[in-house]
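Here are some notes for a colleague who is opening this structure for the first time. Please read them with the sequence and the model side by side.

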Amino acid sequence: MAMVFGIAFLEYVLIGSSLPAPTDKGSANSIPDVVNLNNTSLSRPMQSTLAACSSNNLEQYPMREYASVARFDSTTTIILNVFRGSTDAFRIQLETAMQTIGGRAMVPHIWVNMFALPHEDEFENVFKTVERNLRRGKYGDHNQLPELALTKSSFNYKFHGRFLLGFMAPTRYLLVIDDDAEIGTDAVRNLVHLMETKHRGVWGGFGHLRGDGVPNDRYRSWPNVNIDRDKFDHYEMDYLSGMWFLEQSWLEFMWKERPLTWETGEDIHLSHAVRKYLGLNTYGGVVSMNAPKLPGKLHSATVGHFLEMREHMFDHYLGRGNKIADVRPTIDTLVYVETAEQIKQLMNLVKECLSFGIGPIWCNLGKIAAVFRGFCHDQDVNGLIESAKKLCSYTHCESFALKSSLKHPIMYFNMRQSFGLESEVVPIHTSMVNVLPSLAGILNNVEPKTFLYVAPECDSGDVGGTLHTAMVKLAFDSYLQSKLNAKFSEEQHKIGHGTHAGAPRRPRTKGFLWKGRSFEAHSLQLGNCLSVSK
């Protein structure tokens, strides 16, 4: 069948028919009862550990069998994206995926993407050769093996495009693979096991973990830099490279906010979105025990200015509510403000202090960082940034989360409210909802001892300010009441009987409604304005 995406031409080729019953135990494609991963015997996880809604609570609406709802099985769609790898590497990847342990019962579909592919004919010939071999039974009974689909486009949908197509995958899980990533026939089985017995989250093979940069020797990548593989068979990462395994339904949250760019960084954006909206993390681990080696690849997409761009992307998502996997910003107090003048007022209060740790509350705030909406329609964003930098410098709040020598200090948090819609008039109810998950995520990442948020004067008539105060209060309270998404080194990695050993306790952050020299302890029962002390 043929489809048109904009001006692009896509050819979609399907092989096979309906999903057969699972293969018999002991056949070439059946799944063994025990999988050996890192020399540890693990039970086969063929059913989800999560329960679906009970039949008594589930709405029985018309045509429900056609609805796009989350699945509760262990099926996976594999997406291979071909660009500048070799045809030999593509053939090895495709044939390995075709022979996945469990066959079509485990992997009903393999989708191959060729977006504006150089030497497209050569790669398409490989695809057609594997297709013919499949029909001729080279890999076994083709009715028991995954269905193949090929999507070609004259437009390059790049890195994000494969995830956009993955949003339509008819399976519970999705495995997206770069054209230079090595997988074995056991990869899907092992990834399902890791997902269902260790942590729910985004899983893959190689990943990157930021360091604090003082000195910059804490940066680690899985699995070969500064990680004791005898102690960990997986490790939480800030983001992955080369391979991503996740629940297909989670892609809804990947598109809840616009990526900073379409040029690079789908890996950073995906991990950020799943953390922010679902509270789930990203893990690198041992994926395959029998992965065939691939020929080397000369082309690299992440070079030159893209490296600098990715650093700015990481900064951008910190302001949008991302959690750094294993580095805590050294901030004692987070203050939510609406104007640069409010930052100056707080700094003037701090400057009054003859000593710190005693006296009024503003003499006990320690290292202070500002957080703000960053909405250019009603805020002087550049003024806020400059004032926030001065406040941070004065209180020595700078910290780092580095991969490379590009040192971008964390000095403030700009939520960039309604990012990508700067030219649009966004309704206030939309912009307010945009703030809530971003601020809750920033609080979870920083875990400040104190949180201040501004309030308008009660007699000011500032309806917008009052509404924003109400939203900030709700975000802060939701942060206090939610489960802590801890840093990996803070016991989060400990596993017991297939689940977390126990939810880490959230440190108690003290909150205050603030205006001028008036501070009132946070409570949802408080009003959204203050009668300012004279």
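1. The salt bridges make a convenient starting point, and a search of the whole structure finds 23 of them. The model is a predicted one, and the points below take up several of these pairs before turning to a sheet and to one buried residue.

2. Lysine 152 and glutamate 120 form a salt bridge in which the closest N and O atoms are 3.6 Å apart. The two residues belong to distant parts of the chain, since lysine 152 sits in strand 7 (residues 147–153) and glutamate 120 in helix 3 (residues 120–135), with their positions 32 residues apart in sequence. Lysine 152 has a relative accessible area of 9% and is therefore buried, the cut-off being under 20%, whereas glutamate 120, with 21%, is partly exposed. The pair also has its place in a network of salt bridges that links Glu120, Glu124, Lys128 and Lys152.

3. A second salt bridge brings together the side chains of arginine 310 and aspartate 267, at 2.7 Å from N to O. Here again distant parts of the chain are linked, with arginine 310 in helix 8 (residues 305–319) and aspartate 267 in helix 7 (residues 266–278), 43 residues apart. Arginine 310 counts as buried at 9% relative accessibility, and aspartate 267 is buried as well, with a relative accessible area of 5%.

4. A third salt bridge pairs aspartate 332 with lysine 449, and its closest N and O atoms are 3.8 Å apart. Aspartate 332 lies in the loop between helix 8 and strand 16, while lysine 449 lies in the loop between helix 11 (428–446) and strand 19, so the pair ties together parts that are 117 residues apart in sequence. Aspartate 332 is partly exposed at 21% relative accessibility, and lysine 449 is exposed at 58%.

5. Strands 16 and 19 lead on to an open sheet of six strands, which has the order 18-17-16-19-22-23 and mixed pairing. Strand 18 (412–414) and strand 23 (518–521) stand at its edges, and because each has a single partner strand, one side of each is left without a neighbour in the sheet. On average, neighbouring strands of this sheet are turned by 20 degrees against each other, direction ignored.

6. At the edge formed by strand 18, three bridges join this strand to strand 17 (residues 368–372), and the two run parallel. Which residue of strand 18 is the bridge partner of phenylalanine 372? The partner is asparagine 414.

7. Helix 9 (residues 340–352) lies across several strands, namely strand 16 (333–336), strand 17, strand 19 (450–454), strand 22 (510–515) and strand 23. The helix runs at about 110 degrees to strand 22.

8. Methionine 411 deserves a look of its own, and the reader may ask whether it is buried or exposed. With 13% relative accessibility, methionine 411 counts as buried, because that value is under 20%. Methionine 411 is found in the loop between helix 10 (381–395) and strand 18. When neighbours within four places in sequence are left aside, methionine 411 is in contact with Ala369, Ala388, Lys389, Cys392, Ser393, Cys397 and Glu398. Methionine 411 and isoleucine 385 are 26 residues apart in sequence, and their C-alpha atoms are 9.1 Å apart in space.

Conventions. Residues numbered from 1 in each chain as written. Predicted model: local features only at pLDDT ≥ 70, side-chain atom pairs only at ≥ 80, totals over all residues. Heavy atoms only, no water. Pairing = 2+ DSSP bridges. Helix = DSSP H or I, 4+ residues; strand = E, 2+ residues; numbered from the N terminus. Axes fitted to C-alpha atoms, helices over the stretch in contact; angles between N-to-C directions. Contact = heavy atoms within 4.5 Å. Buried < 20%, exposed > 50% of the residue type's maximum accessible area, 1.4 Å probe, protein only. Salt bridge = Lys/Arg side-chain N within 4 Å of Asp/Glu carboxyl O.
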